[in-house]
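Me: I am new to this structure and would like to understand the reasoning behind the words used for it. Could we go through it by question and reply?

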Amino acid sequence: MNDSLNFLCGYDDGRYVLPPLPYSESALEPLISAETLYLHHDKHHAAYVAGANAALDSLTLINDGVISTAQAPAVSQSLAFNLGGHILHTLYWENLTSEARETPHGELAVEINAMFGSFSGFRNIFESVTAAVQGSGWGVLGVDSLSRRLMVTGICRHQDVLVPGFCPLLVCDVWEHAYYLTWGSDRKGYVSAFMKHINWNVVEERYRKAMSYDWR
Ligand code: MN3
């Protein structure tokens, strides 16, 4: 497994940092154009990193009495939005590849079959949930920390409609900035093509780590 799997690549020395893309900007064409990938990573994701650091700085100023505690609700909401965006995008870049195999292997494949009947059963649910996210958001395959079962869910924005403790394994960005330059309003087409570019090596490793983690 390569080092970019290290989830801490988005944080260094007390600051959130923008991780480099694990491939070239044109690597995911035609699913994602080089222009989209550049704007998405260098502008949108970078803005969430900057926003998360700014919110952290504001929390420090509140703690130090420099800023009124009246600002705390807005700052905490900004932190949730921007940090959520930073984490989801870091996961998103890494779970995409130009050299995808069609299906997962190993324990993840066994569990997908157990939970969804078959891989195509999972794919149908993931695609329908993701395409139907209201407004800007994400489709996610993850592990519920209580039951340790696989679950497909949609996240609104970066942080709404989120189950506490839910551990994401595979994320698909369906904000319009993720696909509109190439796909226009065809979100279903983009999600369907996304399924053919999944880095299952990465998703399988996340599953292994999630299941070996002691949540209690
Ligand atoms: Mn995005």
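Me: What makes certain atoms count as protein donors of the manganese ion, and which residues supply them?

Reply: In this predicted model, the protein donors are H40 (NE2), H89 (NE2), D173 (OD) and H177 (NE2), which lie 2.0 to 2.2 Å from the manganese ion. The cut-off for a donor here is within 2.8 Å of the metal, so these N and O atoms qualify. Along the chain, the donors follow the spacing H-x48-H-x83-D-x3-H. Of these donors, H89 belongs to helix α2 (residues 72-94) and H177 to the loop between β5 (167-173) and α5 (180-183), so the pair ties together parts that are 88 residues apart in sequence.

Me: Why is H89 called buried?

Reply: The relative accessibility of H89 is 0%, and buried means under 20%, so H89 counts as buried.

Me: Why is the pair of F81 and W175 called tilted?

Reply: The ring centres of F81 and W175 are 6.2 Å apart, which is within the 6.5 Å required for a pair, and their planes stand at 50°, which is neither under 30 degrees nor over 60, so the pair is tilted. This pair links distant parts of the chain, with F81 in helix α2 and W175 in the loop between β5 and α5, 94 residues apart. A search of the whole structure finds 15 aromatic pairs.

Me: Are F81 and W175 buried or partly exposed, and how do you know?

Reply: F81 has 21% relative accessibility, which is not under the 20% limit and not over 50%, so F81 counts as partly exposed. W175, with a relative accessible area of 14%, falls under 20% and is therefore buried.

Me: What makes the pair of Y92 and W138 edge-to-face?

Reply: The planes of the Y92 and W138 rings are at 90°, which is over 60, and their centres are 5.7 Å apart, so the pair is edge-to-face. Here Y92 comes from helix α2 and W138 from strand β3 (residues 137-143), 46 residues apart. Both Y92 and W138 are buried, and they belong to one aromatic cluster with W93, F116, F119, F122, F126, F194 and W200.

Me: How do you know that β3 and β5 pair, and why is β5 called largely enclosed?

Reply: Two strands pair when there are at least two bridges between them, and six bridges join β3 to β5, so these antiparallel strands pair. One of the residues involved is W138, whose bridge partner in β5 is D173. Six of the seven residues of β5 are buried, so β5 is largely enclosed by the rest of the structure.

Me: Why is the contact of R206 and E94 called a salt bridge?

Reply: The side chains of R206 and E94 meet at 3.6 Å, N to O, and the limit is within 4 Å, so the contact is a salt bridge. R206 lies in helix α7 (residues 200-212) and E94 in helix α2, 112 residues apart. R206 is buried at 10% relative accessibility, and E94 is buried at 9%.

Me: What makes R15 and D57 a salt bridge, and are these residues buried or partly exposed?

Reply: The closest N and O atoms of R15 and D57 are 2.8 Å apart, which is within 4 Å, so they form a salt bridge. R15 is in strand β2 (residues 15-16) and D57 in helix α1 (residues 34-63), so the pair ties together parts that are 42 residues apart in sequence. R15 has 34% relative accessibility and counts as partly exposed, and D57, at 35%, also counts as partly exposed.

Definitions and conventions
Residues are numbered from 1 along each chain as its sequence is written. This is a predicted model: local features need pLDDT of at least 70, side-chain atom pairs count only at pLDDT 80 or more; totals for chains, interfaces and linings use all residues. Side-chain values use heavy atoms; hydrogens and water are left out. Donors are N, O and S atoms within 2.8 Å of the metal (3.2 Å for Na, K and Ca); water is not among the atoms, so sites may look incomplete. Helices (H or I, at least four residues) and strands (E, at least two) are DSSP runs, numbered from the N terminus. Buried means under 20% relative accessible area, exposed over 50%, partly exposed in between (1.4 Å probe, protein chains only). Rings of Phe, Tyr and Trp (its six-membered ring) pair if their centres lie within 6.5 Å; planes under 30 degrees apart count as stacked, over 60 as edge-to-face and the rest as tilted.
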